Amino acid sequence: MLDNNQFESSEFYNRRYGTFTTKLIWPIVVGLILLVLFMCFTKKEIVVKSVGSIEPAKTLAVIQSPSNNPITKNNLKEGKQVQKGDVLVEFDNRDTKNDETVNNAKINKTDAKLASLNTFKQSVQTNQDLFNGNDDYGYADQFHDYQAQLADLQNSSAQNNADISSSDNNTRTKNNNLYRANQSLNNKENSLKAKTLADINNEISNLQDNKVELTGQSKNIDTDMLNQELLSPTTGTLHVPNNKTETKYLQSGSEIAEIYPNLNSHTKLTATFYIPTNKMNGIKTGQKIRFKANQDGPKPLLITGKIIKIDSAETNTKDGSAYQVTATLNPKKTDYKQIHYGLSGNLSVITGKKTWFNYVKDLIFQSA
């Protein structure tokens, strides 16, 4: 039989309540209580994740190709620092020079033709041959033809007058007939002169219109000649799409590069990224973001920021429809050593906070 005094000893209670099971349960219970308290009073950030890249807040200049001619020298390079006036692209101007030569020859020919035509006009107006021999365009010969036609009219009229004078009519009748014959001659001469001058004026007008067109083409050619070198309009850093650094042809007017501000600790930066349409609920301007750069190293670059712009319309991407979002970044001065334009990274948009308890509860009910 047991001695009742043994129940009052500490050895008995250590053996009864100091078992392995008892030692295991109490820490678990305490741990569960602490976990519940943690989940009820601590909060988890609710984030929407995306991928984006660093860009300047302001683009200094957009570079467009001024020519369709082949490229002879391409100095475009991503991230290259340029000064105002630096040559970015040189184009082959041989075709332009040929066009200039041909166009100038056409203008000179038109001027010479107009000069001869004006001489023809003055000759007709004064009824005098003002040509110094034959010209290159046949206008001297046309004037001689005009004079021959006048001579034919005059000879015909003289013969007619002779016939009238030798007729048996009385003097009064002869004089009337001679007057009418002379009037007819004058009318025919004036009609021939008017018709010839009208033809001349019409040809002068056509040549003047042609010269205006040629002059316009000459100005375009001069512009093309000036555009055979594409110069940097400002000082900054080049941003060039990959397919524009090695190409031999650029369509005139197409965008080929941008000039960003030179990167320093005062440069304002933004991050551009896309949020799928089905995750846009809760996304709004003013929300905080975190940008974590895709860089190797013991301490990856982490920058905070704030959403400043959300596009009003969807954009079709390779992953489906999404909205483009722009956020300002607030890097530290020491962060700029690791930053370069185009640096990509993972972005987290902080849309709100909830306790871990509610977060787990929502996961369970959403999956149920």
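The exercises below work through the salt bridges and the overall make-up of one predicted model.

Residues are numbered from 1 along each chain as its sequence is written, and side-chain values use heavy atoms, with hydrogens and water left out. Because the model is predicted, local features need pLDDT of at least 70 and side-chain atom pairs count only at pLDDT 80 or more, while totals for chains, interfaces and linings use all residues.

**Exercise 1. State the secondary structure of the chain and the share of its residues that is buried.**

Step 1. The chain has six helices and 14 strands. Helices (H or I, at least four residues) and strands (E, at least two) are DSSP runs, numbered from the N terminus.

Step 2. Buried residues make up 29% of the 368 in the chain. Buried means under 20% relative accessible area, exposed means over 50%, and partly exposed lies in between (1.4 Å probe, protein chains only).

**Exercise 2. Find how many salt bridges the whole structure holds.**

Step 1. A salt bridge needs a side-chain nitrogen of Lys or Arg within 4 Å of a carboxyl oxygen of Asp or Glu.

Step 2. Searching the whole structure gives three salt bridges.

**Exercise 3. Describe the salt bridge of Arg 94 and say whether each partner is buried or exposed.**

Step 1. The partner of Arg 94 is Asp 92, with N to O at 2.6 Å.

Step 2. Arg 94 has a relative accessible area of 60% and is therefore exposed.

Step 3. Asp 92, at 15% relative accessibility, is buried.

**Exercise 4. Locate the salt bridge between Lys 211 and Asp 111 in the chain.**

Step 1. The closest N and O atoms of Lys 211 and Asp 111 are 2.7 Å apart.

Step 2. Lys 211 belongs to helix α5 (residues 171-226) and Asp 111 to helix α3 (residues 94-126), so this pair ties together parts 100 residues apart in sequence.

Step 3. Lys 211 is partly exposed at 30% relative accessibility, and Asp 111 is partly exposed at 30%.

**Exercise 5. Place Asp 199 and Lys 195 in the secondary structure and describe their salt bridge.**

Step 1. Both Asp 199 and Lys 195 lie in helix α5, four residues apart, which is about one turn of the helix.

Step 2. In their salt bridge, the closest N and O atoms are 3.3 Å apart.

Step 3. Asp 199 has a relative accessible area of 43% and is partly exposed, whereas Lys 195, at 53%, is exposed.
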